[in-house]
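The following exercises concern a single protein structure and are accompanied by worked solutions. Please attempt each task before reading its solution.

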Amino acid sequence: MSNKRIVLITGATSGIGEGCAKRFARGGYRIIITGRNGEKLDSLKRSLETDGTEVLTLAFDVRDREAARKAVESIPDDWKDIDMLINNAGLARGLEPEYQGNFDDWDQMIDTNIKGLLTMTRLIVPGMVSRNRGHIINIGSVAGDAAYAGGNVYCATKSAVKAITDGLRIDVADTRLRVTNIKPGLVETNFSNVRFHGDTQRADNVYRGIKPLTGDDIADVAFYAANAPEHVQIAEVLVLATHQANGTVIHREK
Ligand code: NDP
Ligand code: 8X3
């Protein structure tokens, strides 16, 4: 049986999750990649395997608790001892004022960013506790620090990620488990395309006049936190582009 560490990454088909899959593969981990899009997962698996990485794919929607449970139960025995859980799957939908928000968008954000993250935590962390070994990295956001115009429900989901991460850290303080909240600022991924329902012009405008972060930048931070000495718990990291000061102050070149 391999003694390489195992990481499970949700939302690995794009952006930050895909960056994490590549970074942890380069770092010698065995990788469990998850997402809804099975074809993208298979294509990423093939590309990671060219460098000799062992990869397992699990296609499911984190909003579907039963599907998540079945997917986790289907993990073969020699992959079950998961060392790292990266709760990354998530999205924003819309940027309307709260009083004009779309109910379906709200449900999708709350069900994915909060309830999906909780489902995966509930399914994976008991094994970590029983082995007294493990690390949970939740991808929060600068958006969880303070609301911005139109951010209302998305910002609330990322504030919830902070509270849920802090709560878990308290609950496992008597174990060797570590719990980290990584809070990125502007990262150029598929995020804004999803937020604006495929309006690429509006999405591109989010990154206008600033060099944004990349998924790989956030993956490097996750990898650093994962590989800190055992007595070091990186509890929370706010990672911003150099010309971004917080959720609302961004200096853009004309
Ligand atoms: P992307 O849109 O590029 O990636 C999102 C990933 O989440 C995809 O792999 C997608 O996979 C997956 N996903 C979405 N919904 C579900 C679902 N219901 N079930 C399973 N997987 C799902 O965006 P990012 O990489 O930017 O976003 C990743 C995380 O980072 C999110 O939590 C986001 O809130 C957070 N974040 C992003 C920032 C940014 O500026 N980009 C800044 C701060 C935080 P698939 O479609 O295959 O299911
Ligand atoms: C993503 C960053 O500022 O676009 O969480 O909400 S932001």
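**Exercise 1. Classify isoleucine 32 as buried or exposed, and describe its surroundings.**

Solution. The model under study is predicted.
Step 1. A residue is buried if 20 or more other C-beta atoms lie within 10 Å of its own. Isoleucine 32 has 26 C-beta neighbours inside 10 Å and therefore counts as buried.
Step 2. Isoleucine 32 belongs to strand β2, which covers residues 30-35.
Step 3. Leaving aside residues up to four places away in sequence, isoleucine 32 touches Ile6, Val7, Leu8, Leu56, Leu58 and Trp79.
Step 4. For one of these, valine 7, the separation from isoleucine 32 is 25 residues in sequence and 6.1 Å in space, C-alpha to C-alpha.

**Exercise 2. Determine the exposure class of arginine 5 and locate the residue in the chain.**

Solution.
Step 1. Arginine 5 is placed in the segment before β1 (6-9).
Step 2. The class between buried and exposed requires a count below 20 but above 12. Arginine 5 has 18 C-beta neighbours inside 10 Å, so this residue counts as partly exposed.
Step 3. Beyond residues up to four places away in sequence, the contacts of arginine 5 are Tyr29, Asp83 and Met84.
Step 4. Glutamate 188 lies 183 residues from arginine 5 along the chain, and their C-alpha atoms are separated by 29 Å.

**Exercise 3. Characterise the packing of helix α4 with helix α5.**

Solution.
Step 1. Two packed helices are described by the angle between their axes and the distance between the axes. For α4 (residues 103-131) and α5 (residues 152-171), the angle is about 15 degrees and the axes are 9 Å apart.
Step 2. Angles under 35 degrees count as roughly parallel; α4 and α5 are therefore roughly parallel to each other. Their crossing is right-handed.
Step 3. On the α4 side, the contact is made by Trp106, Met109, Ile110, Asn113, Ile114, Leu117, Leu118 and Thr121. On the α5 side, the participants are Val153, Tyr154, Thr157, Lys158, Ala160, Val161, Ile164 and Leu168.
Step 4. Sorted by class, this contact has 12 nonpolar, 3 polar and 1 charged residues.

**Exercise 4. State whether leucine 117 is buried or exposed, and list what it touches.**

Solution.
Step 1. Leucine 117 is part of helix α4.
Step 2. Its count of 26 C-beta neighbours inside 10 Å is the reason why leucine 117 counts as buried.
Step 3. With residues up to four places away in sequence excluded, leucine 117 touches Asn87, Asn138, Val161 and Ile164. Val161 and Ile164 also appear in the α5 side of the helix contact.
Step 4. The C-alpha atom of leucine 117 is separated by 8.8 Å from that of threonine 10, at 107 residues along the chain.

**Exercise 5. Repeat the packing analysis for helices α3 and α4.**

Solution.
Step 1. Helix α3 (residues 65-73) packs with α4 at an angle of about 30 degrees, the axes being 10 Å apart.
Step 2. α3 and α4 are therefore roughly parallel to each other, and the crossing is right-handed.
Step 3. Arg65, Ala68, Arg69 and Val72 of α3 meet Thr119, Met120, Leu123 and Ile124 of α4 in this contact.
Step 4. The class composition is 5 nonpolar, 1 polar and 2 charged residues.

**Exercise 6. Identify the residues around ligand 2 and sort the shell by class.**

Solution.
Step 1. Ser141, Val142, Ala143, Gly151, Gly185 and Gly247 are the residues around ligand 2.
Step 2. Glycine is assigned to the polar class. The shell around ligand 2 has 2 nonpolar, 4 polar and no charged residues.

Key. Residues numbered from 1 in each chain as written. Chains lettered and ligands numbered in written order. Predicted model: local features only at pLDDT ≥ 70, side-chain atom pairs only at ≥ 80, totals over all residues. Axes fitted to C-alpha atoms, helices over the stretch in contact; angles between N-to-C directions. Helix = DSSP H or I, 4+ residues; strand = E, 2+ residues; numbered from the N terminus. Parallel < 35°, antiparallel > 145°, perpendicular 65-115°, else oblique. Left-handed = near helix turned anticlockwise from the far one by under 90°. Contact = placed C-beta atoms within 7 Å. Near = placed C-beta within 6 Å.
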